Amino acid sequence: MRVQMLGLCRFSYVGLRGYQKDHASVAERRAFLYDPDRLARRWLWFTTLALPGWLAQTDPDFTLVIMTGPDLPEPWLSQLRDLVAGTPQMRLELVPPMERHLEACRAAIAPHVDPRADVVGHFRHDDDDAVALDYVAAARRDFGQVKGLWRSEGWLSLDHSRGLMLRAGAGGAQFVPRIAHNMGVALTIFLPPDQPQTALHFNHTKLPLWMPGVAVTRPLMFIRSIHADSDSGDMGPGIPWQIEEADLDRQLARHFGLARADLDRLARAAS
């Protein structure tokens, strides 16, 4: 069975929907998202936390579409172009503001769906979160264990739900280990290639309304950041688990290719 792994990452896309924070007009949204200081912070999160995992995936057979507006200010637009030009797995889609956010997401994803695939593993990724270096490999492998359920239902969610919540502030980075089901990061939605939906079409907190789901609670698979610029609020419900403080540095390096010192500097700079 040919499985395409296809993700969408919105980088300060100007649209009236799709965010928890409301604005009355496109102009108001654009002024908020394109504030120079905010864009500098978002780029710092993206390049320090999110990007390393995508550049070093153990299974390089995936596509990550970065969606932004054609009027994204410089130097950020040129830097995204340079990144995509040098990374075979990445695509850049410049989508004008659209009233219907899900249509905008579909416009970004649709050109990259492989019609030869038997199933497409759709995922969403925020520019200030991280997935483990083996996320793509794990999603493809674990889907193979439950593909019979997908065949009978036509769609299926696969949730790698063990992660670290990163609270960022002036004091640096604090990590809270949680098993958080359907958090949205490291969550894959498997659909036939002719389905018009993307991962964004399904409210990740209500996935059981649409499809069966399988939760894989180990190994450690994601980092979700919580900071002053977060759109998704607090960490939400979850089950605490323990990690020894002395083991945290090793786990960050092993699973994400990250160093705690770099994340401490990021947290202080972003605050």
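## A walk through the predicted chain

Pro 219 lies in the loop between strand β10 (213–216) and strand β11 (222–226), and a cis peptide bond, with omega of about 5°, joins Arg 218 to this proline. The model in which this bond appears is a predicted one, and the same caution applies to every value that follows. A second cis peptide bond, again with omega of about 5°, joins Glu 74 and Pro 75, and Pro 75 is found in the loop between β2 (63–68) and α3 (76–85). Such bonds merit a look because most peptide bonds are trans.

From these two loops the view can widen to the whole. The protein chain contains seven helices and 12 strands, and its C-alpha trace spans about 50 × 45 × 35 Å along the principal axes. For 271 residues a compact globule would have a radius of gyration near 18 Å, and the protein chain, with 18 Å, agrees with that expectation. Of the 271 residues, 55% are buried. Among the contacts with a separation of 6 or more in the protein chain, 78% are made by residues 24 or more positions apart.

The outside of the chain can be described in a similar way. Its accessible surface comes to about 11,800 Å², and carbon and sulfur atoms account for 51% of that area. The chain carries 30 positive and 32 negative side chains, and the centres of these two sets lie 3 Å apart.

Turning to the interior, one may begin with strand β2, which is largely enclosed by the rest of the structure, because six of its six residues are buried. Both faces of β2 are covered, with Thr 63, Val 65 and Met 67 buried on one side and Leu 64, Ile 66 and Thr 68 buried on the other. Strand β1 (residues 3–10) pairs with β2 in the parallel sense over five bridges, and within this pairing Cys 9 stands opposite Ile 66. Strand β3 (residues 90–94) also pairs with β2 in the parallel sense, over five bridges, and here the bridge partner of Thr 68 is Leu 94.

Strand β9 (residues 187–191) offers another covered strand, with five of its five residues buried. On one side of β9 the buried residues are Leu 187, Ile 189 and Leu 191, while on the other they are Thr 188 and Phe 190. Its pairings, unlike those just described for β2, run antiparallel: strand β4 (residues 119–124) pairs with β9 in the antiparallel sense over four bridges, and strand β6 (residues 156–160) is joined to β9 by four bridges and also runs antiparallel to it. Individual residues mark these pairings, since Val 120 has Leu 191 of β9 as its bridge partner, and Leu 158 stands opposite Thr 188 of β9.

His 122 gives a closer view of the surroundings of β4, the strand in which this residue lies. At 3% relative accessibility, His 122 counts as buried, because the limit for that class is under 20%. Once its neighbours within four places in sequence are set aside, His 122 is in contact with Leu 187, Thr 188, Ile 189 and Leu 191, and also with Leu 6, Ile 109, Gln 197, Thr 198 and Ala 199.

The loop between β8 (172–179) and β9 deserves a separate pause, and Asn 182 lies in it. Most residues other than glycine have a negative phi. Asn 182, however, has a positive phi of about 55° although it is not a glycine, and this residue is buried, with a relative accessible area of 16%. Ala 186, whose place is also in the loop between β8 and β9, likewise has a positive phi, of about 60°, without being a glycine. Ala 186 is buried as well, with a relative accessible area of 2%.

Strand β8 leads finally to an open sheet of five strands, which has the order β5-β11-β7-β8-β12 and mixed pairing. The edge strands of this sheet are β5 (130–131) and β12 (239–240), each of which pairs on one side only. At the β12 edge, β8 and β12 pair in the antiparallel sense over two bridges, and the bridge partner of Ile 179 there is Ile 239 in β12.

Terms used: Residues are numbered from 1 along each chain as its sequence is written. This is a predicted model: local features need pLDDT of at least 70, side-chain atom pairs count only at pLDDT 80 or more; totals for chains, interfaces and linings use all residues. Side-chain values use heavy atoms; hydrogens and water are left out. The radius of gyration is taken over C-alpha atoms; the globule rule is 2.2 Å times the number of residues to the power 0.38. Buried means under 20% relative accessible area, exposed over 50%, partly exposed in between (1.4 Å probe, protein chains only). Contact means heavy atoms within 4.5 Å. Accessible areas come from the Shrake-Rupley method with a 1.4 Å probe; for residues, only the protein chains shown count as cover. Lys and Arg count as positive and Asp and Glu as negative; His and the chain ends are not counted. The place of a charge is taken as NZ of Lys, CZ of Arg, CG of Asp or CD of Glu. Two strands pair if DSSP finds at least two bridges between them.
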